[in-house]
Amino acid sequence: MSAETSTDYVRQDVFDPARHPELFSGVRSRRIFAFFIDVIAIAIFTVLAGILVFFLGVFTLGLGFLLYGILPATVALLYVAFTLGGPQASTLGMRAMGLEMRLWYGAKPYPLLAAVHALLFWFSVSLLTPLILLVSLFSDRKRLLHDIILGVVVINSDYHRQYVDGRY
């Protein structure tokens with residue numbers, strides 16, 4: 001058995017803002033609100049995980065308390081990896097705002113890509129906070145810097161399901 005390595009198939013950019021401007025209408029502002037919803041969800045999950053770590057620390061005679069140092073980052077990374085990289089391709093905040101993430105050729109992101117997306121977001125925000133928002137203002141697809149690096153787009157999920165999904 002050999003792997004198919006033909007170069008006849010070329011992936012096409014399926015999210016053209018000129019053909020479907022509705023895919024990107026209001027994405028930037030709804031993405032900001034989705035971020036705040038996700039921060040609240042991550043905080044709730046972190047508190048719940050903190051309670052679990054507390055009991056783990058008691059049962060391990062204090063050794064489990066060391067997990068508190070990595071708890072918030074771990075919960076946030078797992079949250080993004082399994083929601084954004086899941087079958088609905090959106091976090092809870094993105095679902096509430098009617099958004100979803102896709103790769104530039106239309107595929108849904110996988111958990112590793114979602115985790116890398118979150119890490120790139122955290123690093124870029126800590127280094128280049130104003131620049132990230134400025135990049136979004138000049139991008140035709142309203143993408144942020146880490147979106148461009150990874151080749152992902154955030155789109156309106158309702159419009160995509162109704163009008164675009166059947167055409168490609």
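This is a short talk on the fold and the largest pocket of one protein chain.

One caution before we start: this is a predicted model.

Let's take the chain as a whole. It has 168 residues, and 39% of them count as buried. The secondary structure comes to 6 helices and 2 strands. Along the sequence, the order reads α-α-α-β-α-α-β-α.

Next, contacts. Take those in the chain with a separation of 6 or more. Residues 24 or more positions apart account for 69% of them.

Now the surface. The accessible surface of the chain is about 10300 Å². Carbon and sulfur atoms hold 70% of that.

On to the pocket. How much space lies in the largest one? About 690 Å³. The lining is made of 29 residues. Which residues are the closest to the centre of this pocket? They are Arg31, Phe35, Phe121, Leu144 and His146.

Where does the lining come from? Three elements give two or more residues each: α1, residues 27-59; α2, residues 71-84; and α4, residues 111-138. By type, the lining divides into 20 nonpolar, 5 polar and 4 charged residues.

Let me stop at α2, one of those lining elements. This helix has 14 residues. From first C-alpha to last, α2 reaches 19 Å. That is close to the 20 Å expected at 1.5 Å a residue.

Which residues of α2 are buried? Here they are in order: Leu71, Val75, Ala76, Tyr79, Val80, Ala81, Thr83 and Leu84.

To recap the pocket: about 690 Å³ of space, with 20 nonpolar residues in the lining. And Arg31 is among the residues closest to the centre.

How values were computed:
Residues are numbered from 1 along each chain as its sequence is written. This is a predicted model: local features need pLDDT of at least 70, side-chain atom pairs count only at pLDDT 80 or more; totals for chains, interfaces and linings use all residues. Side-chain values use heavy atoms; hydrogens and water are left out. On a 1 Å grid over the protein atoms alone, a cavity is a set of points where a 1.4 Å probe fits but cannot get out, and a pocket is an open set with protein on both sides within 12 Å along at least five of seven lines; lining residues have an atom within 4 Å of a point. Grid points are joined across faces, edges and corners, and a volume is the space filled by probe spheres set on the points. Helices (H or I, at least four residues) and strands (E, at least two) are DSSP runs, numbered from the N terminus. Ala, Val, Leu, Ile, Met, Phe, Trp, Tyr, Cys and Pro count as nonpolar, Asp, Glu, Lys and Arg as charged, and the others, Gly among them, as polar. The expected span of a helix is 1.5 Å times one less than its number of residues. Buried means under 20% relative accessible area, exposed over 50%, partly exposed in between (1.4 Å probe, protein chains only). Contact means heavy atoms within 4.5 Å. Accessible areas come from the Shrake-Rupley method with a 1.4 Å probe; for residues, only the protein chains shown count as cover.
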